[in-house]
Amino acid sequence: RMHHPDPGLVFSPGEQPDIVLYQKATHEISHGRYEVGRLTLQTLINTYPDSEYLSKAKLAIANSYYDEGGVSGLTQAEAEYKDFITFFPTAPEAPEAQYRVGMAHFRMLAKADRDQTEGELAEAEFKEFLLKYPDSPLITQVKGRLRETQEVLAEGEYYTADFYYLHGAYRASKSRFEEIVDNYPNYSGGDGALYYLGQSLEHLRQGNQAVVYYSHVITDFPLSPLVPQAKERLTALKAPIPHPTRAMLARAEADATHHVDKSWMDKVVDLMSPSPDMSQTLYGPVHLGQTGSGIEAAKTPQTGAPIGNTIVATPVNEKSLEPGKPAEPATPPNNDNGGAKENPPPASSNSAVGNASPSAASSGQNGQSGAPKNTTPATGTNSENAKPAENSSNTAQSDPSKAAAPAKKKGKLHILKKIVDPF
């Protein structure tokens with residue numbers, strides 16, 4: 001019998017020591033003794049560098065950290081999986097390793113109103129998988145996780161955009177709504193993002209540009225409750241009303257069949273849960289957008305703007321945040337960024353678009369989960385919906401692009417907001 005330097009291991013004649021080490025290590029890991037298993041695997045790697053089990057040992061170490069979980073375990077798992085891909089790029093297990101790199105970040109994903117660094121990293125890693133392994137059997141799982149990740153990221157952007165819109169900072173809300181429309185076209189609340197991007201543009205006297213986004217509400221979200229309001233705004237701007245294609249109607253109906261109306265108890269559970277709610281995620285194609293440097297961008301330390309984003313926001317003064325006043329540029333402070341930082345709203349701000357709160361904006365009707373419930377355009381009373389301001393009617397008739405934007409609508413809890421409003 002052969003004695004190994006490890007006093008606990010004894011090899012019988014004819015046994016391959018590397019195989020015995022690998023089997024012992026996997027046995028320890030399967031019983032939750034992760035440290036013992038990893039030490040045994042590291043012994044295999046150091047003692048038998050030419051073993052056919054070398055790649056399996058590296059992958060087993062990464063898997064042990066992944067299974068152990070926790071922030072420390074998942075962070076170490078990501079590093080081990082990337083080492084595996086670097087040393088064994090053509091191994092059949094390489095696609096699974098890349099998938100688990102993304103899943104390590106996905107499992108640490110925070111709620112939409114919290115820091116989204118992990119979500120941005122997960123998105124970048126899943127996109128990397130789709131580009132490197134388009135024929136992998138895991139492709140369906142990766143696309144599903146990518147859609148869920150983008151749903152959470154878009155929801156976080158929506159909270160911030162809604163906050164600025166309600167406070168009359170229309171340049172800032174325009175920038176944030178554009179971020180959602182450009183980067184997350186499959187977001188379940190995309191109809192709200194499109195509609196209120198149009199509203200922000202009208203407040204900025206850019207009615208001609210708003211026409212495009214109102215039209216997309218109708219064509220891309222044909223079952224949304226915001227469709228009638230979008231049509232009213234197009235009529236007020238003297239623009240043609242488009243019709244959705246059969247394919248988009250079929251997709252909207254398919255999403256409606258998966259929509260779940262949650263009870264108040266489910267909503268309370270979601271509120272108490274540390275994990276984000278992804279139940280409203282729509283089905284359909286994933287959006288890759290810009291790729292190549294997404295991982296590096298997501299890891300860039302925050303310097304005045306959200307990590308991984310390239311948003312150019314115009315600073316505004318405090319007077320611009322008063323209801324009914326257009327945003328006015330403020331003198332930029334003397335800092336490296338030349339502007340003010342955008343501060344996302346707190347989780348409990350209860351901010352709303354029109355008459356809908358952010359939570360309502362992510363659970364619409366008729367299966368369009370992104371449309372706000374009971375939402376009316378920010379145009380004053382119901383009898384005046386989609387009408388420009390009275391003192392600007394002549395201007396709107398002569399030039400649709402200068403149609404007066406509707407007066408800003410206060411949320412239902414605007415009195416409470418005045419008490420807790422950070423401004």
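Helix α3 of this predicted model spans residues 54–68, and its 15 residues reach 21 Å from the first C-alpha to the last, close to the 21 Å expected at 1.5 Å a residue. Just after α3, Gly69 takes a positive phi of about 75°.

The helix is mostly covered, with twelve of its 15 residues buried. In the N-terminal part of the list these are Leu54, Ser55, Ala57, Lys58, Leu59 and Ala60, followed by Ile61, Ala62, Asn63, Ser64, Tyr65 and Tyr66. The cover over these buried residues includes four other helices, set out below.

| Helix covering α3 | Residues |
|---|---|
| α1 | 17–30 |
| α2 | 34–47 |
| α4 | 70–87 |
| α5 | 94–106 |

The wider setting of α3 is a chain with 17 helices and two strands. Of its 423 residues, 49% count as buried. Among contacts between residues at least 6 apart in sequence, 62% join residues at least 24 apart. The protein chain exposes about 21,100 Å², of which carbon and sulfur atoms supply 53%.

Internal space was also examined. Rolling a probe the size of a water molecule over the atoms shows where empty space is left. A search of the whole structure finds one cavity of 30 Å³ or more, and the largest cavity has a volume of about 80 Å³. Its lining consists of Arg147, Gln150, Glu151, Tyr184, Pro185, Asn186, Tyr187, Thr281 and Leu282. By character, the lining of the largest cavity divides into four nonpolar, three polar and two charged residues.

How values were computed: Residues are numbered from 1 along each chain as its sequence is written. This is a predicted model: local features need pLDDT of at least 70, side-chain atom pairs count only at pLDDT 80 or more; totals for chains, interfaces and linings use all residues. Side-chain values use heavy atoms; hydrogens and water are left out. The expected span of a helix is 1.5 Å times one less than its number of residues. Buried means under 20% relative accessible area, exposed over 50%, partly exposed in between (1.4 Å probe, protein chains only). Contact means heavy atoms within 4.5 Å. On a 1 Å grid over the protein atoms alone, a cavity is a set of points where a 1.4 Å probe fits but cannot get out, and a pocket is an open set with protein on both sides within 12 Å along at least five of seven lines; lining residues have an atom within 4 Å of a point. Grid points are joined across faces, edges and corners, and a volume is the space filled by probe spheres set on the points. Ala, Val, Leu, Ile, Met, Phe, Trp, Tyr, Cys and Pro count as nonpolar, Asp, Glu, Lys and Arg as charged, and the others, Gly among them, as polar. Accessible areas come from the Shrake-Rupley method with a 1.4 Å probe; for residues, only the protein chains shown count as cover.
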